[in-house]
Every structure is written in structure tokens, then in C-alpha cells.
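Trainee: I should like to work through a structure with you. May we begin once it is in view?

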Amino acid sequence: QVHLVESGGGLVQAGGSLRLSCAASGRTFSDYHMAWFRQAPGKQRELVAAIISGGSTNYADSVKGRFTISRDNAKNTVYMQMNSLKPEDTAAYYCAAAWFGRGWPPPRYDYWGQGTQVTVSS
């Protein structure tokens, strides 16, 4: 089992910044691809950013150039720096983990956090 706990969400004005953190415990963190998803009310959950166990990243087109995902394997933590936030970034943000042995991109994510709310006011 991998236990994931997100933090760092909140209310911010458009153009502002937030940094989300996701602390992992339970298994070897470096063995897992990590990702941030988000889900807005009435919308499907979407992949925002992912970072593979080796460190390469990918992003949804809507956040490229504004969000940066990173990981600190020594701290068992994945981060997402969100800059130039827009009202359409408002959503619940979830951290997820997929064992690296599933390949890339993984067919599914095995573990999920409880989520942290990000609200961007206009």
C-alpha cells in the first residue's frame, strides 16, 4: 500500500501561485510514477501533470508553461508549482501513484490521495 496525503491548496486570485505537495508513505517512493489529476464540479477527472520514476515529465496542454511537477525521492514527496493561475484551474486536485513496472504511461494509477481544493477567483 502507498498512502498519499496532499496539501497546499487554497483560495488565490487569478494570476497568483500555489504549490501543492503530496507526501507518500508505505512503499519505495522512487518505484512509482507520480501524477496530479484534477476534477472540477460537473467535469471529468483529468491528468494535469505526471513525473515518471526516472524524472521525465509531461503536462496537459492547458497547464504547459504555468505548472511544474517535481519530486524529491529523499523526502518521498511530489510537488506541483502552479503559477499564473486562472479561474478555470479551480478544481479538487488529487495526487496519484502508479508502480513503474506498469510501463509508461501506466494503464491505471493504483493509489490516490484524498484531494486538496484549489479555488482561483477572478
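**Disulfide, sheet and core**

Mentor: This is a predicted model. A search of the whole structure finds 1 disulfide.

Trainee: Which residues form a disulfide, and how far apart are their sulfur atoms?

Mentor: A pair of cysteine sulfur atoms counts as a disulfide when they lie within 2.5 Å. Cys-22 and Cys-95 meet this criterion, with their sulfur atoms separated by 2.1 Å.

Trainee: Which strands does this pair link, and how many residues apart are Cys-22 and Cys-95?

Mentor: The disulfide joins distant parts of the chain. Cys-22 belongs to strand E3 and Cys-95 to strand E9, 73 residues apart.

Trainee: Is Cys-22 buried or exposed?

Mentor: Buried means a relative accessible area under 20%. Cys-95, the partner in the disulfide, has 0% and counts as buried. The value for Cys-22 is 0%, so this residue is buried.

Trainee: What is the handedness of the link of Cys-22 and Cys-95?

Mentor: The angle about the S-S bond is -80°. The link of Cys-22 and Cys-95 is therefore described by its sign as left-handed.

Trainee: Which strands stand at the edges of the open sheet, each with a single partner strand?

Mentor: The sheet consists of 4 strands in the order E1-E3-E8-E7, with antiparallel pairing. Its twist averages 15° from one strand to the next. A strand with a single partner has one side left without a neighbour in the sheet, and this applies to E1 and E7.

Trainee: What is the bridge partner of Phe-67 in E8?

Mentor: E7 and E8 pair in the antiparallel sense over 6 bridges. In E8, the residue bridged to Phe-67 is Met-82.

Trainee: How many residues are in the largest nonpolar core?

Mentor: The members that touch the most others are Leu-4, Met-34, Trp-36, Val-78, Met-80, Met-82 and Tyr-93. Elements giving two or more residues to this core include strands E3, E4, E8 and E9. Another core, of 6 residues, lies apart from it. The largest core has 30 residues.

Trainee: Is Gln-39 buried, partly exposed or exposed?

Mentor: Gln-39 lies in strand E4 and touches Gln-44, Arg-45, Ala-91, Ala-92 and Tyr-94, leaving aside residues up to four places away in sequence. Its relative accessible area is 34%. Buried requires under 20% and exposed over 50%, so Gln-39 is partly exposed.

Trainee: Which residue has its backbone oxygen 3.1 Å from a polar atom of the side chain of Gln-39?

Mentor: A polar contact requires N or O atoms within 3.5 Å. At 3.1 Å, the backbone oxygen in question belongs to Lys-43.

Definitions and conventions. Residues numbered from 1 in each chain as written. Predicted model: local features only at pLDDT ≥ 70, side-chain atom pairs only at ≥ 80, totals over all residues. Heavy atoms only, no water. Core = buried A, V, L, I, M, F, W, Y, C linked by side-chain atoms within 4.5 Å. Buried < 20%, exposed > 50% of the residue type's maximum accessible area, 1.4 Å probe, protein only. Pairing = 2+ DSSP bridges. Axes fitted to C-alpha atoms, helices over the stretch in contact; angles between N-to-C directions. Contact = heavy atoms within 4.5 Å. Polar contact = N/O pair within 3.5 Å; in protein donor to acceptor, adjacent residues only side chain to side chain.
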